[in-house]
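Me: I am new to reading protein models and would like to go through one slowly. Please answer each question with the reasoning first and the value or name last.

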Protein chains: 2
Amino acid sequence: MLLEPKAEPSRAAGTETNPTGGPAPSTKERNKTMNANEVEKKFGFLVFPGLEELDLVGPWEMISLWGKSLQGPGTRLLVAQTRDPVVCAKGMSINPQITFNECPQLDYLLVPGGEGTREQVNNEALIRFVAGQAKACQAVLSVCTGSFILHRAGLLSGRRATTHWSALSRLTELGDVKVCQERVVRDGQVWTAAGISAGIDLALEFIGSVAGEAVAGKVQFGAEYYPSGRFFGTLHQSPQAPAYLKMKPDKQTKEDHL
Amino acid sequence: MLLEPKAEPSRAAGTETNPTGGPAPSTKERNKTMNANEVEKKFGFLVFPGLEELDLVGPWEMISLWGKSLQGPGTRLLVAQTRDPVVCAKGMSINPQITFNECPQLDYLLVPGGEGTREQVNNEALIRFVAGQAKACQAVLSVCTGSFILHRAGLLSGRRATTHWSALSRLTELGDVKVCQERVVRDGQVWTAAGISAGIDLALEFIGSVAGEAVAGKVQFGAEYYPSGRFFGTLHQSPQAPAYLKMKPDKQTKEDHL
């Protein structure tokens with residue numbers, strides 16, 4: 001993947017030109033072909049001690065809804081170093097489905113964050129797994145401080161990326177990352193999300209880019225992901241708040257959503 | 001709980017009157033006392049085969065952030081019929097921490113939904129556990145089709161409640177529930193949420209009601225729960241969309257958040 005970065009497909013369905021020069025296929029035809037291919041795809045979710053539960057399960061839910069009912073990736077795997085139960089940052093214990101050694105080549109790999117990342121960036125087997133898979137993955141995605149694992153695997157150098165608001169300065173200190181204070185950042189086939197819950201938005205944007213807006217809309221409807229948008233307290237206006245949040249108007253307009 | 005329904009505390013901190021007739025304590029004093037008490041509290045999360053992963057993990061994340069760092073419930077338990085691994089609706093396997101028989105009296109109990117609820121409403125041991133705990137719980141909460149389990153446990157008769165948009169008519173057919181097409185519904189100490197992701201909004205509203213707006217804001221900030229609010233496709237305007245969603249203006253105003 002890194003040796004041959006792919007051109008970014010346009011996000012707006014039906015507006016792209018056909019690179020072969022012939023007439024562009026209709027959105028319906030294009031999505032049909034894409035979806036048929038997607039069923040064969042394998043989506044891996046990295047599991048390690050101290051991962052943050054919602055970092056993993058937000059995207060897991062969205063990708064699974066896509067894969068189970070909407071012709072998204074037919075194989076979804078929770079991948080860890082061993083099959084032993086893994087205790088997450090908030091104490092939930094989950095059982096991995098496959099080990100690094102057993103894992104086939106994935107098409108997509110998502111790396112959650114959490115306090116465990118501070119130790120895992122020094123786990124050679126885990127970093128080798130991520131770097132090795134990434135070579136042939138079509139996309140690698142991280143949530144929250146999962147971006148530090150992507151960086152250690154050599155995937156963020158010179159790229160735009162983000163992380164949890166409290167770790168933005170630490171990501172900047174790495175020196176070779178173009179840190180963006182956005183909720184979801186895409187740089188080619190590397191996608192990074194802001195903190196914890198931002199993985200849900202990341203997953204929907206990703207599904208939209210691969211399968212089209214209508215499919216992402218079906219996943220959103222299935223998960224009933226229409227948050228109230230309520231701000232509790234005033235921390236969203238505090239100095240530590242990331243730029244995308246400070247710029248978020250209290251009065252949201254339709255344009256802000258598009 | 002059901003025999004002695006408690007008065008609903010006012011949601012706006014600092015505006016309530018003191019039932020003892022004396023001067024009302026300041027918001028700061030009140031929250032200090034409330035938080036000190038909360039540390040002793042036990043929050044249970046019901047686990048059963050076929051539960052929907054995000055129904056459980058959305059609230060789990062929010063309640064755990066509150067409990068771990070902000071003097072919320074010091075004990076948080078994943079409770080199931082046995083300690084055997086439980087496979088969720090989308091294939092994730094998790095390990096319960098305690099069984100129904102071992103579980104102490106809880107202060108709060110959250111019941112997720114998912115396709116597994118169709119079978120679990122007929123699981124006498126599970127329904128007995130929910131009904132028994134509810135008698136002394138300060139609040140019982142459900143997400144998505146978890147409301148059908150609350151109903152079977154006798155907790156929704158004559159009460160306002162909600163569920164996933166696709167199950168609203170089924171909830172209405174039960175005959176004795178005042179079905180509300182809202183994202184989060186509170187009726188006394190029984191809280192119900194709409195589908196899957198709505199459990200996150202439910203948890204924040206609940207934390208706000210117990211510990212105050214500022215604490216809920218800290219949890220929101222910690223989880224970086226400031227969704228983009230983007231609508232993918234047009235299903236949010238479809239006939240099946242729940243009333244709260246149809247009424248949600250494309251141009252959101254500040255008033256919509258308050």
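Me: In which sense do strand β10 and β11(B) of chain B pair, and over how many bridges?
Reply: This is a predicted model, in which local features need pLDDT of at least 70, side-chain atom pairs count only at pLDDT 80 or more, and totals for chains, interfaces and linings use all residues. Residues are numbered from 1 along each chain as its sequence is written, while chains are lettered from A and ligands numbered from 1 in the order in which they are written. Helices (H or I, at least four residues) and strands (E, at least two) are DSSP runs numbered from the N terminus, and two strands pair if DSSP finds at least two bridges between them. Strand β10 (residues 184–187) of chain B and β11(B) pair in the antiparallel sense, over four bridges.

Me: Which residue takes a positive phi in the hairpin of β10(B) and β11(B)?
Reply: The hairpin has two residues between the strands. A positive phi near 65° is found there at B:G188.

Me: Which residues stand opposite B:T192 in β11(B)?
Reply: β11(B) also pairs with strand β7 (residues 139–143) of chain B, in the parallel sense over four bridges. In β11(B), B:T192 has B:V185 opposite. B:T192 also has opposite it B:S142.

Me: Are the residues B:V190, B:W191, B:T192 and B:A193 of strand β11 of chain B buried or exposed?
Reply: A residue is buried if 20 or more other C-beta atoms, placed from the backbone, lie within 10 Å of its own, exposed if 12 or fewer, and partly exposed in between. B:V190 and B:T192 point one way from the strand and B:W191 and B:A193 the other way. On both sides these residues are buried.

Me: What is the order of the seven strands in the open sheet of chain A?
Reply: The edge strands are β5 (98–99) and β10 (184–187) of chain A, each of which pairs on one side only. Within chain A, strand β1 (residues 42–46) and strand β6 (residues 108–111) pair in the parallel sense over three bridges, and A:G44 has A:L109 as its bridge partner in β6(A). The pairing in the sheet is mixed, and the order is β5-β2-β1-β6-β7-β11-β10.

Me: Why does A:C144 count as buried and A:Q71 as partly exposed?
Reply: Each has a phi near 60°, a positive value in a residue other than glycine. A:Q71 is in the loop between α2 (53–69) and β2 (75–80) of chain A, and A:C144 is in the loop between β7 (139–143) and α5 (146–152) of chain A. A:Q71 counts as partly exposed because its C-beta neighbours inside 10 Å number 18. A:C144 counts as buried because its C-beta neighbours inside 10 Å number 32.

Me: Which residues touch the most other members of the largest nonpolar core?
Reply: A nonpolar core is a set of buried Ala, Val, Leu, Ile, Met, Phe, Trp, Tyr and Cys residues joined through C-beta atoms within 7 Å. In soluble globular proteins, nonpolar side chains tend to be buried together. The largest core here has 150 residues, and those touching the most other members are A:I207 and B:I207.

Me: Which helix supplies the largest share of the side of chain B that touches chain A?
Reply: Two residues are in contact if their C-beta atoms, placed from the backbone, lie within 7 Å. By that rule the contact takes 58 residues from chain B and 58 residues from chain A. Several elements of chain B supply at least two residues each, among them α7 (198–211) and α8 (213–222). The largest share, eight residues, comes from α2(B).

Me: What turn lays chain B on chain A?
Reply: Copies are superposed by least squares on the C-alpha atoms of residues with pLDDT of at least 70 in both. The RMSD is 0.0 Å, with a shift of 0.0 Å along the axis, and the turn is 180°. That is the relation of a two-fold axis.

Me: Over which residues of chain A does the pLDDT stay under 50 or fall below 50?
Reply: pLDDT is the predictor's confidence in each residue, from 0 to 100, and chain A averages 88. Where pLDDT is low, the predicted coordinates should not be read in detail. In chain A, the value stays under 50 over residues 2–22 and is below 50 over residues 251–258.
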